[in-house]
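Please read what follows with the structure open beside the text, moving from the strands to a helix and then to a loop.

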Amino acid sequence: MPIAGAIFDFDGTIVDSMPMWERVPMELVARHGKVLTHETFMQIESLSANEKCDWFHEHLGAGESGEALFKEQREMVRHEYETSIQAFPRVHEFLQSLADAGIPMVIASSTPVEDIRLGLRAQGLEHYFQDIIFAADIGRGKEFPDVYLYAQKCLGTPLEATWVFEDAPFGVRTAHEAGFPVVAVLNDHDGRDEAFLRENSDILAHGYEELSLALIEDYAKKPAQGDV
């Protein structure tokens, strides 16, 4: 079925921000005299931004509360979005090709909506997306399909024709298992497992230089497994 709608993750998919998202929580926890290791961060990566801060307070003893940590972290992250984070090469061109084809787009993310709006404005990308959905507002993180299903309902497009664009292995797997066609976006520095992403997606792209609307349309024309 031809692509009818698109759901994008934000961090690590549209903007090159995953190194920041590991560094900032470590700096945040260190401000409060605690240590967050890479291994621990990876274990809780699927949690939303506010859930991570609750975890830092409850399990590491950092800060007065998870809510206070979340407020402090948001200030740090928003500064990064405004001053240093950049969109991936050719993401503008790819989004424009979808817009030109009349394909509606939304963002589904574990980052708060207003923070994403700030990041989109800084890159001149806000006008491409008709909505932004924060996973925590839906109730569960991306290890569950809720946020993708909610985003699909916002688009009003058939699930099997609504493509999900993700970089996180847990997000790729969740969306794919829920029945969405999935593009796994992989770069050379976030340490993602390429074999896992390839196995759990329909298309794996090493950046937007490898991705085009024509490629997705060609894939969509292939007979489904079991079709004659």
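Two strands are said to pair if DSSP finds at least two bridges between them. In this predicted model, β1 and β2 satisfy that criterion, since they pair in the parallel sense over 3 bridges, and within this pairing A6 has M105 of β2 as its bridge partner. On the evidence of its bridges, β1 also pairs with β4, again in the parallel sense, here over 4 bridges, and I7 is matched with V164 in β4.

Which way do the residues of β1 point, and are they buried or exposed? In a regular strand the side chains alternate between the two faces of the sheet. In β1, G5 and I7 point one way while A6 and F8 point the other way, and all of these residues are buried.

The strands just described come back when one turns to helix α5, which spans residues 91-100 and whose buried residues are V91, F94, L95 and L98. These residues lie on the same side of α5, because they cover an arc of only 95° around the axis. An α-helix has 3.6 residues a turn, so residues three or four places apart point the same way. As for what covers the buried residues of α5, the cover includes the strands β1 (5-8), β2 (105-109) and β4 (162-166), together with the helix α11 (213-220). Just after α5, G102 takes a positive phi of about 75°.

A further place to look is the loop between α2 (38-43) and α3 (49-60), where S46 is found. With a relative accessible area of 10%, S46 counts as buried, the cut-off for that term being under 20%. Which residues is S46 in contact with, leaving aside its neighbours within four places in sequence? The contacts of S46 are S110, G141, K142, E143 and F170, and with one of these, E143, the side chain of S46 makes a polar contact, side chain to side chain, at 3.2 Å.

Finally, the cysteines deserve a word. How many disulfides does the structure hold? The structure holds 0 disulfides. C53 is buried, with a relative accessible area of 0%, whereas C154 is partly exposed, its relative accessible area being 28%.

Note on methods
Residues numbered from 1 in each chain as written. Predicted model: local features only at pLDDT ≥ 70, side-chain atom pairs only at ≥ 80, totals over all residues. Heavy atoms only, no water. Helix = DSSP H or I, 4+ residues; strand = E, 2+ residues; numbered from the N terminus. Buried < 20%, exposed > 50% of the residue type's maximum accessible area, 1.4 Å probe, protein only. Polar contact = N/O pair within 3.5 Å; in protein donor to acceptor, adjacent residues only side chain to side chain. Contact = heavy atoms within 4.5 Å. Disulfide = S-S within 2.5 Å. Arc of directions from axis to C-beta.
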